[in-house]
Amino acid sequence: MRILFLLVILLISPPENMTEHNFPPLQNDRILRAARGEPVDKVPVWIMRQAGRYLPEFRELRTKHDFFSICQTPALACEITLQPIKRFPLDASIIFSDILVIPQAMGLVVEMRPGVGPVLPEPLADPTHISRLKMPDVDKDLGYVGEAITLTRHSLEGKVPLIGFTGAPWTLMGYMIQGGGSSTMAQARIWLYKYPEESHKLLQMITDVIVDYLVMQVKAGAQLLQVFESHGDFLNTELFKEYSLKYFKQISQKVKAKLDSLNIPKVPMIAFPKGATLDSIEIFAKEAGYDVIGLDWTVDPVEARQRVGPNITLQGNMDPTALYSTTEKVRQRAENMVRLFGKDRYIANLGHGILPDAPIPSVEAFIEGIHSV
């Protein structure tokens with residue numbers, strides 16, 4: 001009932017900027033402090049895909065609504081975003097949405113097929129197909145995400161901060177060319193060698209949309225931003241610098257500049273270059289301009305800290321499959337992870353998204369272990 005009331009108020013009088021939102025005071029700012037390098041009483045923890053299929057309440061809602069209808073309905077997206085916060089003592093929420101709303105807004109059809117995942121039935125087969133894309137009006141075409149963020153900020157009642165997010169340009173390009181997930185990303189990688197100029201053109205188009213999308217999310221109330229490079233493991237260091245890092249830098253610089261021009265305070269920005277080599281991570285830390293770098297489960301925390309230096313916050317990175325161990329071992333592993341990373345400039349998380357059948361007692365043990373050190 002409260003969510004419905006807030007949604008009605010939002011639709012009647014949509015706020016234009018953050019000063020008009022009148023959000024409740026924030027009670028738990030651990031993740032913001034950690035992102036800024038400030039002391040924390042406990043290491044903050046959140047979980048990628050924390051509002052997802054491992055929760056029975058999520059699965060129940062999915063029996064009534066298709067995936068993208070939930071993404072496009074602010075009240076439903078808000079409800080799902082709140083589900084893990086009601087269940088676990090997490091230190092952050094992340095808005096329920098999907099990285100592929102950007103290809104949708106650019107004119108491509110995206111379907112979520114049961115047992116398959118996301119499918120783009122008419123992908124970009126060659127560079128001539130770039131002309132099929134449009135540059136969306138982000139406030140109009142993706143405004144439902146902003147509405148969900150504003151509604152969720154109010155509904156959280158200041159309990160924890162809210163993270164907004166996007167897919168990175170290379171990751172979105174991969175889906176747009178492959179037509180879905182891929183174990184090789186061969187067609188998208190072929191573009192980088194066969195059509196380098198057109199690849200940069202496509203990546204620039206996606207980047208321009210992302211910048212406006214992230215700014216809109218902050219205006220709506222997002223308190224942190226994460227950029228997911230889910231396909232970073234398909235790029236060697238050379239390709240990573242040319243086709244990933246270049247656009248990550250643009251996103252960071254342009255989002256901050258646009259927020260400055262609007263007199264909106266900047267928010268911490270998290271980059272998650274999944275699968276990036278340690279060389280790439282080191283370059284990223286020096287050049288990309290992000291406050292936090294997320295690590296996947298293959299990266300050694302001690303070596304990563306040595307590579308990135310003391311002025312970058314690290315996030316991660318327990319193997320999601322480790323949650324299938326006993327609860328006691330999960331707790332011990334979480335405690336040990338904090339000791340390896342250290343409590344300064346650290347945000348605990350998994351090394352990728354939580355799996356659909358992850359045991360809930362293990363999630364509880366993971367959070368307990370993080371908070372106990």
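**Close-up views of a predicted model**

**View 1. The surroundings of E229.** Leaving aside residues up to four places away in sequence, E229 touches A168, W170, T171, S244, F248, F272, P273 and K274. Please keep in mind, as you look around, that this model is predicted. E229 belongs to strand 5, which covers residues 224–229. Which side chain of opposite charge is nearest to E229? That is K274, 11 Å away, and E229 has no salt bridge although E229 is buried.

**View 2. Helix 9, a mostly covered helix.** Two of the contacts of E229, W170 and T171, bring us to helix 9, made of residues 169–178. Nine of the 10 residues in helix 9 are buried. Among them are P169, W170, T171, L172 and M173, and the buried residues also include G174, Y175, M176 and I177. After helix 9 comes G179, with a positive phi near 85 degrees.

**View 3. The open sheet of seven strands.** Follow the strands in the order 1-4-5-6-7-8-9 and you will have walked across an open sheet with parallel pairing. Strand 1 (93–94) and strand 9 (346–350) are the edges; each has a single partner strand, so one side of each lacks a neighbour in the sheet. Elsewhere in the sheet, strand 7 (residues 292–294) runs parallel to strand 8 (residues 313–318), and three bridges join them. Which residue of strand 8 is the bridge partner of G294? Look for Q315.

**View 4. Helix 12 against the sheet.** Helix 12, residues 237–261, packs on the sheet and touches both strand 5 and strand 6 (269–273). The directions of helix 12 and strand 6 make an angle of about 170 degrees.

**View 5. A salt bridge between two loops.** K274 appears again here, with its side chain meeting that of D233 in a salt bridge of 3.2 Å, N to O. K274 sits in the loop between strand 6 and helix 13 (278–287), while D233 sits in the loop between strand 5 and helix 12, so this pair ties together parts 41 residues apart in sequence. Are the two partners buried or partly exposed? K274 counts as buried, at 12% relative accessibility, whereas D233 is partly exposed, with a relative accessible area of 38%.

**View 6. A salt bridge between two helices.** The side chains of K249 and E287 meet in another salt bridge, 3.6 Å from N to O. Since K249 lies in helix 12 and E287 in helix 13, the pair ties together parts that are 38 residues apart in sequence. Both partners are partly exposed: K249 has a relative accessible area of 25%, and E287 is at 38% relative accessibility. Salt bridges with shared partners also join D279, E282, K286, E303 and R307 into one network.

**View 7. The pair E38 and R36.** How many salt bridges does the structure hold? There are 18, and one of them joins E38 to R36, whose closest N and O atoms are 3.0 Å apart. E38 is partly exposed, with a relative accessible area of 29%, and R36 is also partly exposed, at 42% relative accessibility.

**View 8. A span named in the UniProt record.** In an unreviewed entry, UniProt lists residues 44–53 for "domain: Uroporphyrinogen decarboxylase (URO-D)". In this model, residues 44–53 are 0% helix and 0% strand, and the end C-alpha atoms of the span lie 23 Å apart.

How values were computed. Residues numbered from 1 in each chain as written. Predicted model: local features only at pLDDT ≥ 70, side-chain atom pairs only at ≥ 80, totals over all residues. Heavy atoms only, no water. Helix = DSSP H or I, 4+ residues; strand = E, 2+ residues; numbered from the N terminus. Buried < 20%, exposed > 50% of the residue type's maximum accessible area, 1.4 Å probe, protein only. Lys, Arg positive; Asp, Glu negative; His and termini not counted. Salt bridge = Lys/Arg side-chain N within 4 Å of Asp/Glu carboxyl O. Contact = heavy atoms within 4.5 Å. UniProt positions renumbered as here; feature names shortened; annotations may be inferred. Pairing = 2+ DSSP bridges. Axes fitted to C-alpha atoms, helices over the stretch in contact; angles between N-to-C directions.
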